[in-house]
Amino acid sequence: MKLHLRMFFTGLLTVALAGFAVPSFAYNWQKVAPKNAGFSADFPGKPVASTNGDKNDTSYFWMYGDKARKLLVLASTSDYNFTPDDADAEMNQDEANFLEGGKGKVLSHKRGKTRGANGKMLPSLDFSFVMASGWKGISKVIVDGSTIYMTVVMWGPDKDGSAVGKRFMASYRLVPRKRP
């Protein structure tokens, strides 16, 4: 599970940092609520969907990239065949795996609770980071049993994507889903 997440995020960062993100010249904010994804969120443009995994662990990704503005927005839903014994340890590991791919470091790190689709408060982790390339960003990890949700907003070293990040993160909500 952790290996394929690390490999995916390493690939994601490589593509984003190489400048092959989907180009866009104006933000066209769209409410996105993919079927059975378990979330809804406002993306600054139409995200591209992909799936990664096997019979044990499957991750679903929705990513929007803007090459001209050096912006990347990602939401993922990962289903595992087990429930983590320790949600805090799982969130720490997901944060470490993500940062390892881009040789990044944490700027801020805050544990909290996020309201789940059923109203239950779920363990969550918000962190901001900077990558070795100078790209900066914010992320959130939420653990809901054997499903882990993750969001990432990243912007280039000469850009300030914090306004986009705040809008995206403020719009992100967990919604009911049927696990595929």
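This report walks through the fold, one buried aspartate, two backbone oddities and the main pocket of a predicted model.

First, the ground rules. Local features here need pLDDT of at least 70 and side-chain atom pairs count only at pLDDT 80 or more, while totals for chains, interfaces and linings use all residues. Numbering starts from 1 along each chain as its sequence is written, and side-chain values use heavy atoms, with hydrogens and water left out.

**Overall fold**

The protein has three helices and 10 strands, where helices (H or I, at least four residues) and strands (E, at least two) are DSSP runs numbered from the N terminus. Read from the N terminus, the order is α-β-β-β-β-β-α-β-β-β-β-α-β. Of its 180 residues, 49% count as buried; buried means under 20% relative accessible area, exposed over 50%, and partly exposed in between (1.4 Å probe, protein chains only). Among contacts (heavy atoms within 4.5 Å) between residues at least 6 apart in sequence, 54% join residues at least 24 apart.

**A buried aspartate**

D79 sits in strand 5 (residues 71–80). Is D79 buried or exposed? D79 counts as buried because its relative accessibility is 4%. Its side chain makes polar contacts with two other side chains, those of T147 at 2.9 Å and R177 at 2.8 Å. A polar contact is a pair of N or O atoms within 3.5 Å; within protein, one must be able to donate a hydrogen and the other to accept it, and residues adjacent in sequence count only if both atoms are side-chain atoms.

**Positive phi outside glycine**

Two loop residues have positive phi without being glycine:

| Residue | Phi | Loop | Relative accessibility |
|---|---|---|---|
| N36 | near 60° | between strand 1 (30–32) and strand 2 (39–43) | 29%, partly exposed |
| K70 | about 50° | between strand 4 (57–66) and strand 5 | 30%, partly exposed |

**The largest pocket**

About 160 Å³ of space lies in the largest pocket. On a 1 Å grid over the protein atoms alone, a pocket is an open set of points where a 1.4 Å probe fits, with protein on both sides within 12 Å along at least five of seven lines; lining residues have an atom within 4 Å of a point. The volume is the space filled by probe spheres set on the points, which are joined across faces, edges and corners. Lining residues include S108, D126, F127, I138, K166 and M169. Strand 6 (105–115), strand 7 (121–130), strand 8 (136–144) and helix 3 (162–171) each give two or more residues to that lining.
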